[in-house]
Amino acid sequence: MIHHIPNVLSKEQVQYFRNEMDKIEWVNGKVTAGTLSATVKRNQQLPEDHPLTHHLSNIILEALGTHPLFLSAAIPLDIIPPLFNRYENQESFGLHVDNSIRRIRGTNERLRTDLSCTLFLSEPEEYEGGDLVVEDTYGYHEVKLPAGDMILYPSTSLHEVTAITSGCRIASFFWVQSMVRDDAERHMLFNLDQTVQNLRMQLGDNHSEVIKLTNLYHNLMRKWAEL
């Protein structure tokens, strides 16, 4: 399931990110690509080990930790620290699938990539081309979101970034290991959680139906969650 997660960062935060990024030199994006994806990857990245990358990454992680829609949709166990890329001058990233296992930089810890995330840091009108295209069982989905918004989609999906024909596209990208690895189970929990939240607003926290559905949600989590 593909989820649009709005307002992860404010417009002021996005502008701060962009101003700070302008101060350092970007590197070839192939440094984080797998063997196959490196053959179709043409973009630039902030250096993984640069202090600014760590600083901006932590701001995103802090924002996600309190974002109710992200928490409901992803049910995160852990998040690989965000990285940052830039596309311009006909750069693109051809059709590929993300690596199933990734190492957290600076450690020997490895995580399973259940969900892929792209957080847009450029407004749609700043560039032409550069669409994120995600393939699922319902076809192809072209994504270009306002700066500060994020797309969340299963890492099993084939996807690409089309060639930039004008302007510049800047984004953050990263992966989530979910407590619920199965996408269908995770989607059912998301729908159930959203239903519970809506009923709480309509009926109140102490209504018997709210309590019953909350009980069902947590029992399904006990059945499906991996910690």
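This section describes the domain arrangement of a predicted model and the interface between its two domains.

The domain assignment divides the protein into domain 1, spanning residues 3-178, and domain 2, spanning residues 183-224. The C-alpha centres of the two domains are separated by 30 Å. Contact between them involves 10 residues from domain 1 and 8 residues from domain 2.

Together, domain 1 and domain 2 bury about 690 Å² at their interface, and carbon and sulfur atoms account for 63% of this area. On the side of domain 1, the greatest losses of area to domain 2 fall on His 3, Ser 72 and Ile 75, which jointly make up 58% of what that side buries. No salt bridges are found across the interface of domain 1 and domain 2, whereas 2 residue pairs are in polar contact across it, both at pLDDT 80 or more. Helix α3, formed by residues 68-74, is the element that gives the most to the side of domain 1 touching domain 2, contributing 4 residues. By residue class, that side of domain 1 consists of 6 nonpolar, 3 polar and 1 charged residues.

An annotation in the unreviewed UniProt entry, "domain: Fe2OG dioxygenase", covers residues 78-178. In the model, the chain over residues 78-178 is 60% strand and 0% helix. The C-alpha atoms at the two ends of this segment lie 7 Å apart. The annotated segment ends at residue 178, which is also the last residue assigned to domain 1.

Methods: Residues are numbered from 1 along each chain as its sequence is written. This is a predicted model: local features need pLDDT of at least 70, side-chain atom pairs count only at pLDDT 80 or more; totals for chains, interfaces and linings use all residues. Side-chain values use heavy atoms; hydrogens and water are left out. Domain bounds come from an automatic or database domain assignment. Contact means heavy atoms within 4.5 Å. Buried area is the accessible area (1.4 Å probe) that two parts lose on being put together, summed over both. A salt bridge is a side-chain nitrogen of Lys or Arg within 4 Å of a carboxyl oxygen of Asp or Glu. A polar contact is a pair of N or O atoms within 3.5 Å; within protein, one must be able to donate a hydrogen and the other to accept it, and residues adjacent in sequence count only if both atoms are side-chain atoms. Ala, Val, Leu, Ile, Met, Phe, Trp, Tyr, Cys and Pro count as nonpolar, Asp, Glu, Lys and Arg as charged, and the others, Gly among them, as polar. UniProt positions are given in the numbering used here, feature names are shortened, and annotations may be inferred rather than shown by experiment.
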